[in-house]
Structure formats: C-alpha cells, structure tokens
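I am opening a fresh notebook page for this one. Come along while I look things up, one entry at a time.

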Amino acid sequence: MILSKRDRKMNHIPVMLNEVIELITAHTNKSHLRILDATLGLGGYSEAVLEKFPDCSVLGIDRDEEAIRLSRERLKDYEDDSRFEARHVNFGDIGEIINSSKPFDAFMFDLGVSNMQLTLPERGFSFNSDGLLDMRMNPSGDSRTAADVLRESDEKTLAKIFWDYGEERFSRLIASAIKRSKTPITTTSELVNVIRGALPQPVQRKMGTHPARRVFQALRIFVNDETGELERVIMTLSEINYEALIIFVSYHSLEDRLVKYAFRQWQGDDKGKILTRHPLTPSESELEDNYKSRSAKLRAFLFKNSNAKFLISH
Ligand SMILES: C[S@@+](CC[C@H](N)C(=O)[O-])C[C@H]1O[C@@H](n2cnc3c(N)ncnc32)[C@H](O)[C@@H]1O
C-alpha cells in the first residue's frame, strides 16, 4: 500500500512488539489462533501477528473511527482473505464480543494513544501543534471535550485531575491560572501559553520535558475515562473460563497498578498464572530506536481452562 505524506507522518511504531510475539509463540499452542487486538490503533500489532502466524485470524477493535479506517486500509489483503476484521468498539464493552464468539487464544492491549492521534492537530491531543482542545478518542460517541472539562470544572477538581492522572507537581498553580484566564481556553496553544505563564522560568528550565506534557496527559486520561474503561475490561476478562493469554502494555503507573493487582487477584482465585513476575520493559535497542516507548510496561497472564487440569510448565 502507498501511504500519503500525511499518513506516513502519523505512522506509529509498535512498542515491545518482539516481546508480544514471543509471548504468543510461547504460550499458545493451537495452529489456528484467534487473537483479539483490543487497541488496534494503526494495526501494528495485528499486522505482525498476521504475518508471523500464517493461519491465525485477528479481530481488531478501537474506539477511534479514524484508527479503524487506517488499519483497514493497511490490512486490506488480510481482510479480503477473511483473516482480519475491524470493529469500532470500546474495549470496556468487549463482554458482548466474548460472549457471542468462539474463544480467543490471546488478547492484546496496548493502552494509551497512537501517534496518529497525537500527530493530527485537529484531534487536540498535542501540545506541539495548534488545534481545538478536543482530545476525545471517539469524537462521534463522546460529548465532553478537554475544553469543556476546563470550562466546567472548578479549580480544585482541575488540580486533582492534573495530580491524579499527570502527577503534575504544580497542579494547583496551573489550575488556578486556568481559572483566572479572562477568556475560556479553547485551543491547545492557549492552554500551553497559560501553563507556560503559570510556571516560574527556573522550574520550566529544570523540567527536562515540555512544561505542558503532564497536564495534557492528565486531561486526555480524564476526558476518555481511560482508567474507568480499563477497570471495566478487567472485570469482563475476570469471567474468562477458557485458556487464553492476556497481554497488557501500559504507559502510566495508575494503569500498570490496576493490571498488576488484577493479575494477582486472578492468580489468587486460581484462574491461571502470572507470566511476568516483574513487568517487562523495552530493550536498550528499542529505546534507542523509539524514545516514546520509554514508559512502557508489559504484563502477561495466562488463563487456564476452568474445566481442565492446568498443565502449563513454563
Ligand atoms: C497505543 S495505540 C495502539 C497501537 C497499536 N498497537 C499499533 O501497533 O498500531 C492505542 C489505541 O488504543 C485505542 N484505545 C484506547 N482506549 C481504548 C478503549 N477503551 N477501547 C478501544 N480502543 C481504545 C486508541 O484509540 C488507540 O488507537
């Protein structure tokens, strides 16, 4: 497929892909694998498993319609061969899919945002380019934008959002500056300017990162209720009663903690086995190639078939 210049710019480098493939290779044993890619994005994981396992099939879901469109273009040949299907679904709702289809051998979750979402200024995720302050992953389904959140929330609530989801040390200072702004903040660059104006220069110089990075991350997680959706899908996965590999790649300590505790709980309830006692992190060479992968943590769990004896020896 020939990518347009704009599509090439949006290209997303899949994070910890080798580790994902190795886990699937080591912990699934059927030849006709069925894989659910719960965060399809630009289809990087899906494409890799479709290539690596020639008779596997993949159902990819994403809450972002643009991601569905782009990954379908990328994986058109596999779709034509009935090995790939994409659906516009929030992973918090996968219960319906799980209940109405044959068992999946593996579930892949690569949380957070894709480079496509970050790169398109009109999506409002990026502090590096100007656009309306939107940040909804599903603009056709969700109504509250990041600009709405800034306008409708009081100072205390905003400070809590910035602290809880961005671990922003200057959350109160920034929240106060936002609320003092004479006109409502509606664009990404207006928000960046308010943050820059609120933080003392020496603080900004020492930050070692863009001064708006944490606030943007916090707003994005809040607008899309990312931790709520993660909790919902964890509840749904808890009901799985067949052998299945679950892989989570997360980029935020809150998400990683939710996954870690869910896995412990599942293992304690004898539902299966934790495969990663400590989370896996990107290799040195991956970090060199893709600095954006630096916060990734991968955890994996293997559900056992509740009707069969657990015979895994790994
Ligand atoms: C990091 S990207 C995935 C990239 C993908 N692994 C690849 O290699 O191209 C995360 C994707 O998950 C999607 N996403 C985030 N939360 C979701 C949810 N609750 N349900 C479905 N998709 C979600 C985002 O829209 C985004 O496209």
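Which residues are the closest to the ligand, and how many surround it? I note at the start that this is a predicted model. I looked around the ligand and found 24 residues surrounding it. The closest are Asp62, Asn90, Phe91, Asp110 and Gln117.

**Entry: who makes up the shell**

I sorted the shell around the ligand by class. There are ten nonpolar residues, nine polar ones and five charged ones.

**Entry: polar atoms at the ligand**

I started with the ligand's nitrogen atoms. One ligand nitrogen lies 2.8 Å from an N or O atom in the side chain of asparagine 90. At phenylalanine 91 I had to look at the backbone: a polar backbone atom there is 2.8 Å from a nitrogen atom of the ligand. Then I turned to oxygen, and found a ligand oxygen 2.8 Å from an N or O atom in the side chain of glutamine 117.

I also wanted to know how much of the ligand is covered. On its own the ligand has 600 Å² of accessible area, and the protein covers 99% of that.

**Entry: two domains**

Next I stepped back to the whole chain. The domain assignment gives domain 1 as 5-116 + 226-303, and domain 2 as 143-223. I looked up the C-alpha centres of domain 1 and domain 2, and they lie 30 Å apart. Seven residues from domain 1 and seven residues from domain 2 take part in the contact.

**Entry: where the domains meet**

How much area is buried between domain 1 and domain 2? I have it down as about 640 Å², with carbon and sulfur atoms giving 44%. Across this interface I found five residue pairs in polar contact, and the rule finds one salt bridge between domain 1 and domain 2. I also noted a salt bridge joining the side chains of glutamate 226 and arginine 220, at 2.8 Å from N to O.

Note on methods:
Residues are numbered from 1 along each chain as its sequence is written. This is a predicted model: local features need pLDDT of at least 70, side-chain atom pairs count only at pLDDT 80 or more; totals for chains, interfaces and linings use all residues. Side-chain values use heavy atoms; hydrogens and water are left out. A residue is near a molecule or strand if one of its heavy atoms lies within 4 Å of it. A polar contact is a pair of N or O atoms within 3.5 Å; within protein, one must be able to donate a hydrogen and the other to accept it, and residues adjacent in sequence count only if both atoms are side-chain atoms. Accessible areas come from the Shrake-Rupley method with a 1.4 Å probe; for residues, only the protein chains shown count as cover. Ala, Val, Leu, Ile, Met, Phe, Trp, Tyr, Cys and Pro count as nonpolar, Asp, Glu, Lys and Arg as charged, and the others, Gly among them, as polar. Domain bounds come from an automatic or database domain assignment. Contact means heavy atoms within 4.5 Å. Buried area is the accessible area (1.4 Å probe) that two parts lose on being put together, summed over both. A salt bridge is a side-chain nitrogen of Lys or Arg within 4 Å of a carboxyl oxygen of Asp or Glu.
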